[in-house]
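Here are some short exercises to work through with the model open beside you. Try each task before reading its solution.

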Amino acid sequence: MTLLKKLSTLLALGLVLALPVSAAEKIGWKDLLPEGFTPPPVRPQSYYDANPEADKQSHLDAPVVESLDGKKVRIPGYVVQLEGNADAVTEFLLVPYFGACVHVPPPPPNQIIHVVYEQGVPYEHTYDAVWIEGTIKTQRTEGELAVTGYSMTADSVEVYQ
């Protein structure tokens, strides 16, 4: 094999190795909504106090986008703390806007992602918007704060820039 051919082979191999193994697809919150689904409006607790007949149950009837199941994605959002250790939050809900689970009811399940991140998000970053990257699953989870339509084991979490 000539020197030029060896260099060409090494260069081609280097380019292949430099490519990301599985690049995450950047998505937004609208991408989690099936075509034709409109989420119910966000309402404060005072609305439900004044309208006791208001249907909070409608927030739980929210279909997911099945084609997202198993995809590696990157999505921005806000952390709602669930579990952690002395240094960081290791389990949380990712929501589209700050204070989402303070509202009653919380956003519909297709607008909440249940996240486990073993490395943990430092507490000081949980008040900022974050980018989260990992493999998303269409998995319904029912918890004390909310019902989620998606779950993810995060590969990385970083402050939104």
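How many salt bridges does the count come to?

**Solution.** The model is a predicted one, so local features need pLDDT of at least 70 and side-chain atom pairs count only at pLDDT 80 or more, while totals for chains, interfaces and linings use all residues. Residues are numbered from 1 along each chain as its sequence is written, and side-chain values use heavy atoms, with hydrogens and water left out.

- Start with the rule: a salt bridge is a side-chain nitrogen of Lys or Arg within 4 Å of a carboxyl oxygen of Asp or Glu.
- Applying this rule gives five salt bridges.

**Exercise 1. Find the salt bridge partner of Lys72 and place both residues.**

**Solution.**
- Lys72 forms its salt bridge with Asp155, and their closest N and O atoms are 2.5 Å apart.
- Next, place the two residues: Lys72 belongs to strand E2 and Asp155 to strand E8, so the pair ties together parts that are 83 residues apart in sequence. (Strands are DSSP runs of E, at least two residues long, numbered from the N terminus.)
- Then check accessibility, where buried means under 20% relative accessible area, exposed means over 50%, and partly exposed is in between (1.4 Å probe, protein chains only).
- Lys72 is partly exposed at 21%, and Asp155 is partly exposed at 44%.

**Exercise 2. Which residues are joined with Arg74 into one salt bridge network?**

**Solution.**
- Take Glu133 to begin with: this residue forms a salt bridge with Arg74, the closest N and O atoms being 3.7 Å apart.
- That pair links distant parts of the chain, with Glu133 in strand E5 and Arg74 in strand E2, 59 residues apart.
- Both Glu133 and Arg74 are buried.
- Now turn to Glu158, whose side chain meets that of Arg74 in a salt bridge (3.0 Å, N to O).
- Here Arg74 in strand E2 and Glu158 in strand E8 are 84 residues apart.
- Arg74 has a relative accessible area of 17% and is buried, whereas Glu158, at 39%, is partly exposed.
- Put together, salt bridges that share partners join Arg74, Glu133 and Glu158 into one network.

**Exercise 3. Find the aromatic pairs in the whole structure and sort them by geometry.**

**Solution.**
- The criterion is that rings of Phe, Tyr and Trp (its six-membered ring) pair if their centres lie within 6.5 Å; planes under 30 degrees apart count as stacked, over 60 as edge-to-face and the rest as tilted.
- The search finds two aromatic pairs.
- Tyr78 and Phe98 have ring centres 6.0 Å apart and planes at 75 degrees, so they are edge-to-face.
- Tyr78 sits in strand E2 (residues 72–84) and Phe98 in the loop between E3 and E4, 20 residues apart.
- Tyr78 is partly exposed at 25%, while Phe98 is exposed at 56%.
- For Trp131 and Tyr160, the ring centres are 5.2 Å apart and the planes at 15 degrees, so this pair is stacked.
- Trp131 lies in strand E5 (residues 130–137) and Tyr160 in the segment after E8, 29 residues apart.
- Trp131 is buried at 10%, and Tyr160 is partly exposed at 42%.

**Exercise 4. In which sense, parallel or antiparallel, do E4 and strand E8 pair?**

**Solution.**
- Two strands pair if DSSP finds at least two bridges between them.
- E4 and strand E8 (residues 150–159) have four bridges and pair in the parallel sense.
- To locate one of these contacts, look at Val115, whose bridge partner in E8 is Met152.
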